[in-house]
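Please examine the strands and helices of the model shown here.

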Amino acid sequence: MSEVISLNIWQFSLIYLLLIVVLIIMKKCRINQTKLLFVASLRMTVQLVLAGLVLTYIFQNPRPLFTVLYLMVMTGFAIFIVLSRNKSINKQFKIIVGASLASTGLAIVCFFIMVVVGVSLFNPQYTIPISGMIIGNAMTGVGLGLRTFNESIKARRSRIDALLNIGATPRKILLPFVNQSLETALLPTLNSMIGMGIISLPGMMTGQILSGTLPMTAILYQIAIIIAICAVTCLAVFCSLYFGYKTLYNKRQQFINL
Amino acid sequence: MPLFSLKDVRFKEIIQYPYIEIPEGCATFISGGSGCGKSTLLKLLNGTVSADSGEILYAGKHIEAYNPVTLRREVLLCGQSVFLFDGSIQENFSEYYKYRDLSPLAQEDVHGYLKLCAALFPLGADCAAMSGGERQRVFAAICLSLRPKALLLDEPTSALDDNTANTVMTNIKTFCRENNITLIVVSHNKALAETFADHVIALGGGQYE
């Protein structure tokens, strides 16, 4: 296998020319998002450069504290982003979502790194990229699940009221919403599994192959990470909603904060 | 002893109820202008909301002393917003019965309750394709079939023409009297109240004009 070719910075900068193509098309079609295109490209570049610098530093100084800190910051951001997109839920529900995301995410990361790969959790070369994929996907899943849950509850208020009025328990009324939202959150992951390897070579595998890993090793990692993503999405959404829906009614079985 | 009595009941600083007694076994109508707390009164009676102060007694006992779900099954509220599942009438009956942990009703019985509510449609009829008035009657039939001790109806005839409204109310009132079900109705329809009320409670000074 050939060594990976380091990108020459001048050759690399040619890739930004493609953004000019996007800009021209946007102008032509009168899409008023040129500012967003600019800000998004800039943020993406700056954030990735910063991440590159931080990772370089951590890899050169592989102290457990750095890895733990990185994990905590990443988990914290994931929770923050999910909650800022679902502002309408009550405080207790928010705590449950945060705890679910953190605990299921970290549990799956530990299992993956320590059991499946079999290295120390404090090894930044494995822990940082893999936890990024796992927690990032958990975040997307919980965000989607929560939004579906909130929207469907708001849209079916008359169903909820009618059932409560005739003496159904809040648990029985809300569980179908929990189940349906979990399904919605899981579907993108399941659907992407179907096309994998035929329509697309997934990102992590592509990266590994580019950097010279044998394809058969790369696919083993890819299979493992996809299963981990599926599991973490399922667990994080399940815990968030299954413990969270109980904050929507009181001891008198009346709906609150709905 | 009255079935319900309310003393000094306040709800969310806006609604304040006078002393109210609701007798057992007859038809009580509640009148009053909009926003005076008619629908809220029904919700207070079946415990889907709680009063902020004052006391509500049901059968002589404080309402908070009852298990809230058991109370709602005895004091059943057929609310203003009608909800039916997508599917046939038969499926709607069985869905609602599932939510109440009951085994499904026999077809003849479903038929009987539909007849009481002037909703004699085929059991396989699709509820999604029905008009507002038809849905209201099917919903009332489901509530009636659950045979509570007290049936609370919130604007039960709002989507019905006068003739149908009269037929439905006559049947429901007769059924309730025969089965000793206390009927409590919120309705802005003065003629309906005059015909069917054994007892009228006027809220917020509002009377049927």
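The turns below treat one sheet and one helix.

This is a predicted model, in which local features need pLDDT of at least 70, side-chain atom pairs count only at pLDDT 80 or more, and totals for chains, interfaces and linings use all residues. Residues are numbered from 1 along each chain as its sequence is written, chains are lettered from A and ligands numbered from 1 in the order in which they are written, and side-chain values use heavy atoms, with hydrogens and water left out.

Me: Which are the edge strands of the open sheet of chain B?
Reply: Strands (E, at least two residues) and helices (H or I, at least four) are DSSP runs, numbered from the N terminus. Two strands pair if DSSP finds at least two bridges between them. The sheet has 5 strands in the order S7-S8-S9-S4-S10, with parallel pairing. Pairing on one side only marks the edge strands, S7 (75-78) and S10 (199-202).

Me: Which residue does B:Leu153 stand opposite?
Reply: Strand S8 (residues 150-154) of chain B pairs with strand S9 (residues 182-186) of chain B over 5 bridges, in the parallel sense. The residue in S9(B) opposite B:Leu153 is B:Val185.

Me: Why does the span of helix H5 of chain A agree with its 27 residues?
Reply: The expected span is 1.5 Å times one less than the number of residues. Helix H5 (residues 91-117) of chain A should therefore span 39 Å, which agrees with the distance between its end C-alpha atoms, 37 Å.

Me: Which residue follows H5(A), and what is the sign of its phi?
Reply: The phi of this residue is near 80 degrees. The residue after H5(A) is A:Gly118, and the sign of its phi is positive.
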